[in-house]
Every structure is written in C-alpha cells, then in structure tokens.
Amino acid sequence: QSSSLSWEWASLPLRKPWSTSRPSRGERLSDRFLVAIGYHGNSFHGSQIQPDVGTVEGAMRNALRRLTWWSEGCLEMSSRTDSGVSVRANLARIDLPRSVSSNTRNDSIVRALNDHLPVGAVAISANRAPSTSKVRYAESRSYLYRLETIEEWPSECENDAISAACSLVEGQHDFTNLSRLESGTDPIRTVDRCIPWTSDDGRLIGFSIQAKSFIWNQVRRIASAFAGIASGRISILDLESALNSPKVSVDLGRAPSEGLVLWDISHKDFDSPFTSELPLSTTFSVRPSDSREYRRWLSLSKYEMGLLLEREWMSRLN
C-alpha cells in the first residue's frame, strides 16, 4: 500500500511464532476477526494461493508474516475469485494471537494490514467475530457484470430482453450448463435477485446478481448468455432450455473475467461498511460502435471500473 499512509502499526505488539505446546484448559490462543478486503483483478492471479504467482491470499499471508501475526491456518477467504476479477469487498477470516488482539482496535488492524499489502489490494474494515464463525457461510453474495465490455455486445440493445433474461435465471435452477462444475459440486443454486444495471440516461451497462453461493464461472457464463441474447447469437429460448434441460449439454460461452466485480458480501458476523446499492455511472463513457475504437475504449472501461472501486474504498477509509 502507498507509503503516504502514516499508519502507526509499529506500535502494535509483536510476537514470536506460537509455541507448539498444547494450551492449558480454557486458554484462548487467538481471537477471530472478519476483515473486508478489496482488490483490482489485474493486480493478482486470482484470490487462492498458487505457487510462483501473486495472489490475494498470498499477499495476505505475506502481510501477516511481516507483522509476525501469522500461524498455520489463521487465514481463510470467503469467496474464490479468478484472475482478472475485481472485488469491492471480499471477506477474510483472520485468527490473531491473543497478545495482539487484546491490545489493539479494529481500525489499527486495518491500518497495519494496509502498510504491508501491495498496491492493488486494500483492507477496508475489521470486526471481532465469534470463535465459531465460518467466513464461507455468507448470507448472500452479489456481483456486477459490465456487459458492454463484451466484444459482441451491440451498440443498441433492448433493455426488455435483458430484463426478461434476468427474470429467467432468478429462483432455483440446475446451473450445470451455466457453470464450470468441479467434482462433487452441487449444480443446484438459488438466485435471489438478478436485475439490469443501467446508466442515469437509461443505457444498459450490465446486470447485478445476488445469491447465497455461486458455482465456478456461473456469473461469467450467465453474462455470456445475456450478451448472446442482445447480439442475436442465441435466443432467450436457448437460455431457458439450458436451465430446464441440464442433462442436455450446451455451451453458451463464457464472458471475460475483466467485466466482473464481486460487489458485496452479507455475513451475520460482519458489519459491512458498504451498502448493496448499485453504483452511480456518471463517470462511465459510452462504448463506441466501431470495432477498432472499441478495443481502445476497452482500456478506458477498465480504468473507469478501477476508479469506481478506488472511490468506494477511499470513502470508507477516510
């Protein structure tokens, strides 16, 4: 994080690595915290730890080690995100040693982490949680997808068609045809809400989708289906068939990761600093119709999405 942040993390008590000896009965070695973490997708190769590449979990591990707060198993992320996917707020479960947690405030933990996280990631807020709290057991997760960043997206789109497609994916469905299923994964998911995301002048930008949990690539494949409906590549009946006939394999495409943002997580043990409202789009440019101009505009759109996230983070940190 920027060195201009004058956090006094050094005043927090440091510690030696935990002893391998067993604690006495009733002794608590750690306190559990949930921390909101935001990051730009192009700064990391996804959220989960991987060898030889930079990931969000790896950056968090390094920060905790530098602070001498690290112990095996002390860190867990709530939601997995692929390379290129940006995040306004993911949740991290961190078990801090009692010697640290008993003498520091929530905002001091955030400041300390931000002195050791790399550019592109930011800790936003933290609060204590019960020792039994499960960070992955969120009540809901919501994503945004900026559909106009997809190459096949037409210069003119009927909003009603995407509204109908959104309504179609709401409710409980077998998303086998609209996800990348891993072995043993249940394909049944319930989408609580899916709504179009429009600009102030009524231009369709993308969509927002909310569920308790998602399958790998589910939102990106839904986004591809929506773009296909808008461009005429597929019909809304094709999407309906993909949902209603999951045993009949069909590939409706997978949209690029760069248009996707994990927007919000609701958890019973976490006081989110954010609202779930859709962001204002006053700073978003209009996608050009010319294909060559589109390629240049795509870089601009990535900058706009990054700026949106930075403004969201800074409004909560300051």
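This report covers salt bridges, one helix, two cysteines and a set of paired strands in a predicted model.

**Salt bridges**

The model contains 22 salt bridges. Three of them are listed here with the distance between the closest N and O atoms.

| Pair | N to O distance |
|---|---|
| Glu152 and Arg233 | 2.8 Å |
| Lys268 and Asp269 | 3.3 Å |
| Arg292 and Asp290 | 3.9 Å |

Start with Glu152 and Arg233, whose closest N and O atoms are 2.8 Å apart. Glu152 sits in the loop between strand E5 (140-145) and helix H4 (159-169). Arg233 sits in the loop between helix H5 (218-231) and helix H6 (236-244). The pair therefore ties together parts that are 81 residues apart in sequence. Glu152 is partly exposed, at 27% relative accessibility. Arg233 is partly exposed too, with a relative accessible area of 41%.

Next comes the bridge from Lys268 to Asp269. Are its two ends buried or exposed? Lys268 is exposed, at 63% relative accessible area. Asp269 is buried, at 13%.

The third pair links the side chains of Arg292 and Asp290. Arg292 is exposed, with 63% relative accessible area. Asp290 is partly exposed, with 27%.

Some salt bridges share partners. Such bridges join Arg146, Glu148, Asp201, Arg203 and Glu304 into one network.

**Helix H5**

H5 covers residues 218-231. Does its length fit, or fail to fit, the span expected for 14 residues? At 1.5 Å a residue, H5 should span 20 Å. The C-alpha atoms at its ends are 20 Å apart, so the two values agree.

H5 is mostly covered. Of its 14 residues, 13 are buried. Gly232 comes just after the helix and takes a positive phi of about 90°. The loop between H5 and H6 also holds Arg233, the salt-bridge partner of Glu152.

**Cysteines without a disulfide**

How many disulfides does the model have? The count is zero. A disulfide is a covalent bond between the sulfur atoms of two cysteines. The cut-off used here is 2.5 Å between the sulfurs.

Cys166 shows the reasoning. The cysteine sulfur closest to that of Cys166 belongs to Cys194, and the distance is 3.3 Å, too far for a bond. Seen from the other side, Cys194 is in no disulfide, and its nearest cysteine sulfur is that of Cys166, 3.3 Å away. Both residues are buried: Cys166 has 1% relative accessibility, and Cys194 has 3%.

**Strands E6, E7 and E8**

Strand E7 takes in residues 188-198. Which strands does E7 join? One is E6, residues 171-174, which runs antiparallel to E7 and is joined to it by four bridges. Another is E8, residues 204-211, also antiparallel to E7 and joined to it by seven bridges.

Val191 has a part in both pairings. Val191 is the bridge partner of Gly171. Val191 also stands opposite Ala211 in E8.

E7 and E8 form a hairpin with five residues between them. Gly202 lies in that turn and has a positive phi of about 95°. A glycine with positive phi appears after H5 as well, where Gly232 is at about 90°.

Technical notes: Residues numbered from 1 in each chain as written. Predicted model: local features only at pLDDT ≥ 70, side-chain atom pairs only at ≥ 80, totals over all residues. Heavy atoms only, no water. Salt bridge = Lys/Arg side-chain N within 4 Å of Asp/Glu carboxyl O. Helix = DSSP H or I, 4+ residues; strand = E, 2+ residues; numbered from the N terminus. Buried < 20%, exposed > 50% of the residue type's maximum accessible area, 1.4 Å probe, protein only. Expected span 1.5 Å × (residues − 1). Pairing = 2+ DSSP bridges.
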